[in-house]
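Open the model in your viewer and keep the selection tool at hand. Each stop below gives a selection and then says what is there.

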Amino acid sequence: MPATKTLPECAQDAIETAITDAQDDDPVVLWWDDGGHLAEIVENVSHQLGCRFRAAEQTPLELRADAPRDRTVWYVPQPKRDDVDWFRDVENTGGVVEAHIGKLAARCFENDRLQSASIRTAYEEADDREQVATTLYQELNGDGGLPSLNGLQTKIVLDGHDDPVRIVLEHGTENLPDDHDDLLQIRDLLVDEGIAAVEGVTDADVIVDRTRRFAVAEWLVDAGLDESALPAEYRPEPSSGLGISRPDLQSLLSNVDSDRAAELARTYLDPNAVFWHDVLRTHDDPWDLADCPVDATLEHQLWDAWTRTFRNNEYEACVDRATERHDRLETTYGDVPWTRTWAQATEVARLAHELDTWEERGDTTDVVDLYGDVDRGTWQIDNAVYNLIISGEPEAELPEEHPATATLGELRTSLTESRYLEYLAELGDLVVDQIEAGSPFVGENYAHQFFDQEKEHLQSGQSVALFIVDALRFDLAHELAASIRRTFPSLEVDETPWVGTLPSDTEFGKAALTPGRKFSFSIELEDGELVPKRNGQEITNYRREKLLAEDGWSYIMQSEDDDSGWTNRVAYYWNDLDKTGEEELTDFESVFSDRIETISEIICEKLDQGEWDRAYILSDHGFVSLPRSVDIDDIYPPADAAKVTRRWVAGTDLDDAPGVLLDENAHLGYLDDDTEISVLADPIQRFRNQGLPDARFYHGGVLPQEFILNFVTITQE
């Protein structure tokens with residue numbers, strides 16, 4: 001039975017009747033409102049009827065302070081009191097309306113006064129009158145049509161909600177009424193909606209469990225489960241189309257905030273709330289049902305099946321399946337532990353595939369192409385390891401019963417602390433072979449030739465910015481390039497592999513990146529010190545700054561006041577990454593991730609502020625990051641070594657030195673004829689008693705991660 005009038009219309013009827021029945025031609029109508037929820041409605045109606053309106057703020061007696069001379073409505077937001085005679089004259093000559101919002105709402109159903117009395121009772125007996133009043137006001141204020149009596153009663157019982165299925169799916173017993181009759185009313189509404197499994201149930205917990213099981217059953221059937229496997233009362237009706245409760249559940253999960261989504265994920269993937277364990281354990285392939293995101297048994301079976309596929313070395317299938325499951329859960333719940341776990345499973349499988357197939361990428365004798373190919377190079381392995389480590393341990397946030405808590409950490413550790421080390425060792429052997437062949441890196445771009453090779457774009461008439469980032473490894477430079485592309489899609493951002501100096505230490509790498517002719521850079525051994533030179537002069541920090549200034553460049557070091565000094569030709573030095581690697585020894589991957597974001601913000605800010613013809617992101621060297629637990633083997637340098645560091649030694653006669661020997665036969669083009677450098681390619685070796693005692697971050701050797709650099713060029717299209 002629908003309502004026939006709105007609250008304002010019933011209020012108008014009440015006031016008009018009181019005026020008509022009054023003895024005075026310009027009467028006062030006194031409205032007592034137990035609860036004070038009708039103030040706005042009574043005031044508006046009073047004005048529409050040409051009446052003045054006055055409301056008692058503190059006590060009804062204050063209304064007597066200004067006696068009315070014309071028609072007036074006095075409004076008292078309190079129940080009527082029988083122990084005062086302040087308004088005896090009004091009762092005799094004017095009119096009295098005694099109606100709270102519940103009583104007035106009942107009058108809106110004038111065709112069913114008997115049944116509508118339940119609305120008045122619901123308001124008067126409610127523990128939370130405010131909630132009932134809000135529901136009545138919203139439904140009967142005239143906006144959006146008139147409700148049915150049954151629909152309004154449902155909303156009162158459900159605290160303003162109109163869908164009993166959705167309220168049970170979302171809140172469980174939390175919002176179900178304590179009153180037995182109200183609970184049975186909700187149950188009957190659920191049955192009317194088609195949830196046959198709750199028929200005859202009188203316990204709130206059972207009502208919730210069966211309603212949720214019904215929704216999960218429909219979702220499983222929609223995903224591919226044979227409905228004949230379900231009890232009859234849980235089988236969707238043929239006439240239900242998309243289902244009865246699954247659409248409600250799907251809509252619910254896609255329209256809640258992140259905190260609520262996390263709670264619902266715990267509800268529907270809770271190992272203790274096993275919905276259809278007995279049915280699912282007899283199903284042949286859980287991946288047939290992977291589109292269903294709301295059953296813990298299915299989730300666990302999917303993980304176990306994925307793990308078996310991984311252990312069978314079917315890594316590409318693992319990538320596809322983990323991605324599929326991640327995307328389904330992310331669409332449903334957003335960023336929750338289950339989603340993050342499957343995201344990391346995708347990266348684990350992708351890394352395993354990379355490590356399993358890296359030697360198949362091309363000519364393994366060309367290390368620069370093998371490692372530094374922007375699209376296919378094995379630098380992506382380092383990036384995968386790096387991202388895997390900074391993604392943490394998402395499985396730790398899952399319920400202990402989830403099988404990923406026992407397997408994901410093992411897989412992650414095996415890849416990053418065992419197979420990755422094997423890859424580094426094999427890659428180092430390839431570099432050694434190429435150097436010992438006598439002509440390493442022929443025809444490649446050498447970092448010390450940068451100013452000469454790019455002179456057309458670096459001449460004084462051009463507006464150019466050089467961002468020279470210490471220890472910017474190939475994969476991190478790629479992340480920077482990708483970040484800039486996202487921020488400025490109109491810019492052309494190119495990446496090119498360059499060969500840095502060997503050894504790949506800061507003083508040599510930065511010395512190489514100074515203005516000068518193509519063949520003017522050299523490294524010489526003088527009095528036991530290895531000295532980088534340009535045009536025959538040693539390159540110190542002062543000398544580097546001077547050379548840049550003479551070539552027309554502003555020289556800016558990363559500092560707190562680095563906003564000053566920017567011109568149309570600027571060289572900006574960011575030194576934080578190398579320092580971070582040396583000092584943040586426990587969690588430097590995460591720190592690096594923050595630093596890369598900061599560098600990206602600085603570069604994008606400067607690109608946005610300046611009108612650059614061209615900008616470059618350069619690096620002096622990269623680095624190797626080792627697993628969290630690795631034992632470094634210290635080795636003794638040869639007795640005739642003149643210069644000893646962690647990763648290399650220098651001298652004039654190092655034939656018996658460990659590592660790979662660089663001399664005039666290496667044809668690098670910048671070593672003095674008498675200078676020999678022995679550099680390590682083994683990732684778990686270093687020379688004894690030198691450098692910091694860290695075992696995770698280093699550079700100075702001949703692994704490609706250290707000397708194959710990614711130079712990024714940014715131009716206007």
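The tour goes through a pocket, a helix, a histidine, a cavity and a sheet of this predicted model.

**Stop 1: the largest pocket**

Select Ala126, Ile156, Val157, Pro177 and Asp182. Of the 23 residues that line the largest pocket, these lie nearest its centre. The space in this pocket comes to about 670 Å³. Now colour helix H5 (113-124), helix H6 (129-140), helix H7 (149-157) and helix H9 (180-193), each of which supplies at least two lining residues. Which helix gives the largest share of the lining? That is H5, with 4 residues. Sorted by class, the lining of this pocket holds 9 charged, 8 nonpolar and 6 polar residues.

**Stop 2: helix H11**

Select residues 246-253, which make up helix H11. Show the side chains of Arg246, Asp248, Leu249, Leu252 and Leu253, the buried residues of this helix. They sit on the same side of H11, because they cover an arc of only 160° around the axis. To see what they pack against, add helix H8 (164-171), helix H10 (204-223), helix H12 (258-268) and helix H15 (315-333).

**Stop 3: His171**

Stay with helix H8 and pick His171, which lies in it. Is His171 buried or exposed? Its relative accessible area is 17%, and buried means under 20%, so His171 counts as buried. Next show Arg212 and Arg260: His171 is in contact with both, leaving aside its neighbours within four places in sequence.

**Stop 4: the second largest cavity**

The whole structure has 2 cavities of 30 Å³ or more. For the second largest, with about 30 Å³ of space, select Phe467, Val469, Tyr572, Trp574, Ile599, Ile602 and Ile603, which line it. Strand S5 (464-469), strand S11 (569-574) and helix H26 (588-609) are the elements that give two or more residues to this lining. The largest share, 3 residues, is from H26. What classes of residue are found here? The lining has 7 nonpolar residues, no polar and no charged ones.

**Stop 5: an open sheet**

Finish with a sheet of 4 strands, which is open, pairs antiparallel and has the order S15-S16-S18-S17. Select strand S15 (643-644) and strand S17 (660-662), the edge strands, each of which pairs on one side only. Then add strand S18 (residues 676-679), which is antiparallel to S17 and joined to it by 3 bridges. Look across from Leu662: the residue opposite is Ile677 in S18.

Methods. Residues numbered from 1 in each chain as written. Predicted model: local features only at pLDDT ≥ 70, side-chain atom pairs only at ≥ 80, totals over all residues. Heavy atoms only, no water. 1 Å grid on protein atoms, 1.4 Å probe; cavity = no way out; pocket = protein on both sides within 12 Å on 5 of 7 lines; lining within 4 Å. Points joined across faces, edges and corners; volume = space filled by probe spheres on them. Nonpolar A, V, L, I, M, F, W, Y, C, P; charged D, E, K, R; others polar. Buried < 20%, exposed > 50% of the residue type's maximum accessible area, 1.4 Å probe, protein only. Arc of directions from axis to C-beta. Contact = heavy atoms within 4.5 Å. Pairing = 2+ DSSP bridges.
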